[in-house]
Amino acid sequence: MTKTISVLGTGNMGKALVKQLSTHGQSRILWGSRNPEEAEQLVRELQLSNVTVCTNEEALQADLIIPAFHASILKDWAVAHKDQLQGKIVVDISNPFNSDFSGFTTSWGESSAEQLQSLLPASAVIGAFKNTFFKVVEEPLCQGQQSDVLVTGNDENAVQTFLEHVKALPFRFLQAGKLENNRTIERFTLLELELAIRYNTYPYISLQIFGIQQPVAAG
Ligand SMILES: NC(=O)c1ccc[n+]([C@@H]2O[C@H](COP(=O)([O-])OP(=O)(O)OC[C@H]3O[C@@H](n4cnc5c(N)ncnc54)[C@H](OP(=O)(O)O)[C@@H]3O)[C@@H](O)[C@H]2O)c1
């Protein structure tokens with residue numbers, strides 16, 4: 001497996017994902033930022049030896065690209081880089097919450113992941129990590145249980161390629177069907193946030209679906 005994976009953005013999710021990919025993954029990792037010098041500083045602090053810092057533009061060279069941006073800027077980014085993203089796998093982690101987290105910028109019957117796919121018809125969009133709050137990405141084990149990560153996509157080959165790249169990471173990856181399932185997945189994330197606040201675990205919350213024994217063998 002020689003493909004390169006890139007993460008764009010050094011925020012909460014970008015940092016947590018790079019740490020996990022660097023510690024457990026086998027791909028070459030590019031870490032894009034608007035401020036590569038600050039990203040270099042983070043690489044030193046986190047003691048990551050196998051991560052190459054670059055600009056967001058340079059990070060588009062990767063085969064699998066994870067833009068760890070807010071949903072509000074994701075669409076403009078996709079439109080601006082549509083040509084460079086042709087033939088690539090773009091992993092959408094975004095939840096389209098409104099600015100005060102009281103609702104969504106998408107209407108019922110649409111999702112951020114589907115919007116991204118329609119803006120990038122020549123790319124394969126994968127939805128993943130949407131229900132996994134960044135503290136859980138940093139620490140996916142809780143009382144002996146792994147966090148689930150729901151993986152969606154309309155292109156089965158791209159889903160398999162993504163799963164191959166992340167299989168060593170300490171999550172239980174579940175194949176969760178087509179991108180339209182993100183209409184549910186994204187909305188459920190806001191309910192998780194409400195639950196996390198009510199039960200005083202925020203921002204440590206994710207999914208663990210009861211009853212599935214053999215997710216790896218799922219077709
Ligand atoms: N936070 C969570 O627990 C969580 C969980 C699941 C999914 N998500 C999703 O993950 C995505 C990122 O969330 P986050 O919490 O990591 O956000 P965040 O901490 O605010 O980080 C976002 C990063 O995007 C980059 N960025 C910000 N504004 C930009 C702009 N105008 N142009 C280009 N890059 C910009 C910045 O990185 P640089 O300064 O390095 O460029 C910034 O650190 C969101 O879509 C969110 O819905 C978050």
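The following exercises, each with a worked solution, concern a predicted model of a protein with a bound ligand.

**Exercise 1. Describe the surroundings of the ligand and its polar partners.**

Solution. Begin with the shell of residues. The ligand is surrounded by 21 residues, and the closest are Thr10, Met13, Ser33, Phe69 and Phe134. Next, consider which helices contribute. Helix 1 (12–24) and helix 3 (71–80) each provide at least two residues of this shell.

Then examine the polar atoms. A backbone N or O atom of phenylalanine 69 is 2.6 Å from an oxygen atom of the ligand. For arginine 34, an N or O atom of the side chain lies 2.9 Å from a ligand oxygen. For glycine 11, a polar backbone atom is found 3.1 Å from an oxygen atom of the ligand. Turn now to the surface: the ligand taken alone exposes 890 Å², of which the protein buries 77%. Finally, locate the site among the pockets. The space that the ligand takes is the largest pocket.

**Exercise 2. Determine whether serine 33 is buried or exposed, and list its contacts.**

Solution. First, place the residue: serine 33 belongs to strand 2 (residues 28–33). Second, apply the cut-off. Buried means under 20% relative accessible area. Serine 33 has 7% relative accessibility and therefore counts as buried. Third, read its contacts. With neighbours within four places in sequence left aside, serine 33 is in contact with Thr10, Ala39, Cys54, Thr55 and Asn56. Serine 33 is also listed among the residues closest to the ligand, as is Thr10.

**Exercise 3. Compare the settings of asparagine 182 and arginine 187 in helix 7.**

Solution. Start with position. Helix 7 spans residues 182–198 and contains asparagine 182; arginine 187 lies in helix 7 as well.

Continue with accessibility. Asparagine 182 counts as buried because its relative accessibility is 1%. Arginine 187, at 16% relative accessibility, likewise counts as buried.

Now consider contacts, not counting residues up to four places away in sequence. Asparagine 182 touches Ser111, Ala113, Gly127, Lys130, Thr152 and Arg187. Arginine 187 touches Phe104, Thr106, Ser107, Trp108 and Asn182. The contact with Thr106 can be described further: a polar atom of the arginine 187 side chain lies 2.9 Å from the backbone oxygen of threonine 106.

As a last step, take a distance across the chain. Arginine 187 and leucine 150 are 37 residues apart along the chain, and their C-alpha atoms are separated by 13 Å.

**Exercise 4. Identify where phi is positive at phenylalanine 101 and glutamine 143, and state how accessible each residue is.**

Solution. Recall the background: most residues other than glycine have a negative phi. Phenylalanine 101 has a positive phi, near 60°. This residue sits in the loop between strand 5 (89–92) and helix 4 (112–119). Its relative accessibility is 45%, so phenylalanine 101 counts as partly exposed.

Proceed to glutamine 143, where phi is positive and near 50°. Glutamine 143 is located in the loop between strand 7 (141–142) and strand 8 (145–146). At 80% relative accessibility, glutamine 143 counts as exposed.

**Exercise 5. State which kind of peptide bond joins tyrosine 202 and proline 203.**

Solution. Recall first that most peptide bonds are trans. Next, inspect omega: between tyrosine 202 and proline 203 its value is about 5°, and the bond is cis. To finish, place the bond in the chain: proline 203 is in the segment after helix 7.

How values were computed: Residues are numbered from 1 along each chain as its sequence is written. This is a predicted model: local features need pLDDT of at least 70, side-chain atom pairs count only at pLDDT 80 or more; totals for chains, interfaces and linings use all residues. Side-chain values use heavy atoms; hydrogens and water are left out. Helices (H or I, at least four residues) and strands (E, at least two) are DSSP runs, numbered from the N terminus. Buried means under 20% relative accessible area, exposed over 50%, partly exposed in between (1.4 Å probe, protein chains only). Contact means heavy atoms within 4.5 Å. A residue is near a molecule or strand if one of its heavy atoms lies within 4 Å of it. A polar contact is a pair of N or O atoms within 3.5 Å; within protein, one must be able to donate a hydrogen and the other to accept it, and residues adjacent in sequence count only if both atoms are side-chain atoms. Accessible areas come from the Shrake-Rupley method with a 1.4 Å probe; for residues, only the protein chains shown count as cover. On a 1 Å grid over the protein atoms alone, a cavity is a set of points where a 1.4 Å probe fits but cannot get out, and a pocket is an open set with protein on both sides within 12 Å along at least five of seven lines; lining residues have an atom within 4 Å of a point. A molecule sits in a cavity or pocket if more than half of its atoms lie within 2 Å of its grid points.
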